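Here are some short exercises to work through with the model open beside you. Try each task before reading its solution.

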Amino acid sequence: MSRCPMTPQPHWLALRSPRTAEALAPHLQGLAWWALSFSPRGTLQGEAVLVELGASLRLFGGLKALHARVKAQAQAEFEVQALAWAPPRLGALALARGGVVNGLTRPLAPLLDRLPLHVLEAVQAHQPMLARLGCRRLGEVRALPRTALA
């Protein structure tokens with residue numbers, strides 16, 4: 001099935017909160033309400049707000065204008081710890097946790113491969129076993145045979 005030419009490509013933004021556990025929920029709630037001014041497609045995940053902005057690019061003056069506006073407001077109004085952009089939602093979150101901002105203009109796989117395993121929630125439960133296998137980064141896990149991982 002091919003995509004309609006008018007359908008925008010996914011463009012996820014991850015905004016990480018610097019708050020500790022007791023102050024995290026109210027901060028994320030405020031951040032999520034603010035993110036709704038850019039797009040109705042959003043979710044909370046862990047310590048972050050994730051919002052899909054592909055359909056909003058044109059409305060806010062294009063990629064550079066939207067990025068500049070979001071970054072300036074998020075850091076000024078919400079003291080966001082980190083933000084990152086990527087096509088997949090969890091890719092944006094992993095990049096934000098790893099301190100990488102831009103996952104849109106460069107190939108995503110090499111950026112993700114360099115990240116430490118702790119940035120991925122799904123891997124955290126298996127981190128001790130993966131460490132015994134010598135895996136410290138996502139790329140090392142991706143290099144393992146699929147059948148061995150299953």
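Rings of Phe, Tyr and Trp (its six-membered ring) pair if their centres lie within 6.5 Å; planes under 30 degrees apart count as stacked, over 60 as edge-to-face and the rest as tilted. This is a predicted model, where local features need pLDDT of at least 70 and side-chain atom pairs count only at pLDDT 80 or more, while totals for chains, interfaces and linings use all residues. Residues are numbered from 1 along each chain as its sequence is written, and side-chain values use heavy atoms, with hydrogens and water left out.

**Exercise 1. Follow the aromatic rings**

Find which residues the ring pairs link into a cluster, and classify the pairs made by Trp34.

Solution.
- Step 1: count. The ring rule yields 3 aromatic pairs.
- Step 2: take Trp34 and Phe38. Their ring centres are 5.1 Å apart and the planes meet at 75°, so this pair is edge-to-face. Both residues are buried (under 20% relative accessible area; exposed is over 50%, partly exposed in between; 1.4 Å probe, protein chains only).
- Step 3: take Trp34 and Phe78. Here the distance is 5.6 Å centre to centre with 50° between the planes, a tilted pair. Trp34 belongs to helix α1 (residues 21-35) and Phe78 to helix α2 (residues 63-78), so the pair ties together parts that are 44 residues apart in sequence. Helices (H or I, at least four residues) and strands (E, at least two) are DSSP runs, numbered from the N terminus.
- Step 4: check burial. Trp34 has a relative accessible area of 10%, and Phe78 has 14%, which makes it buried.
- Step 5: join the pairs. The cluster consists of Trp34, Phe38, Phe60 and Phe78.

**Exercise 2. Test a helix**

Compare the span of α1 with its expected value, then list its buried residues.

Solution.
- Step 1: the expected span is 1.5 Å times one less than the number of residues. For the 15 residues of α1 that gives 21 Å, and the end C-alpha atoms are 21 Å apart, which agrees.
- Step 2: the buried residues of α1 are Leu24, His27, Leu28, Leu31, Trp34 and Ala35. An α-helix has 3.6 residues a turn, so residues three or four places apart point the same way.
- Step 3: look for the cover. Contact means heavy atoms within 4.5 Å. Among the elements covering these buried residues are β1 (12-16), β2 (42-45), β3 (48-52) and α2.

**Exercise 3. Map the cores**

Which elements give two or more residues to the largest nonpolar core?

Solution.
- Step 1: a nonpolar core is a set of buried Ala, Val, Leu, Ile, Met, Phe, Trp, Tyr and Cys residues joined through side-chain atoms within 4.5 Å. The largest has 24 residues, and Leu112 and Leu130 are among those with the most contacts inside it.
- Step 2: β1, β3, β4 (82-86), α3 (89-98), α4 (108-113) and α7 (138-142) each give two or more residues. The most come from α3, with 5 residues.
- Step 3: zoom in on Leu112. Leaving out residues up to four places away in sequence, Leu112 touches Gly91, Ala94, Leu95 and Leu138.
- Step 4: a second, separate core has 19 residues, including Phe38, Val49, Ala74 and Val80.

**Exercise 4. Spot the phi angle**

Where is Glu79 found, and what is its phi?

Solution.
- Step 1: Glu79 sits in the loop between α2 and β4.
- Step 2: its phi is near 50°, a positive value in a residue other than glycine. Most residues other than glycine have a negative phi.
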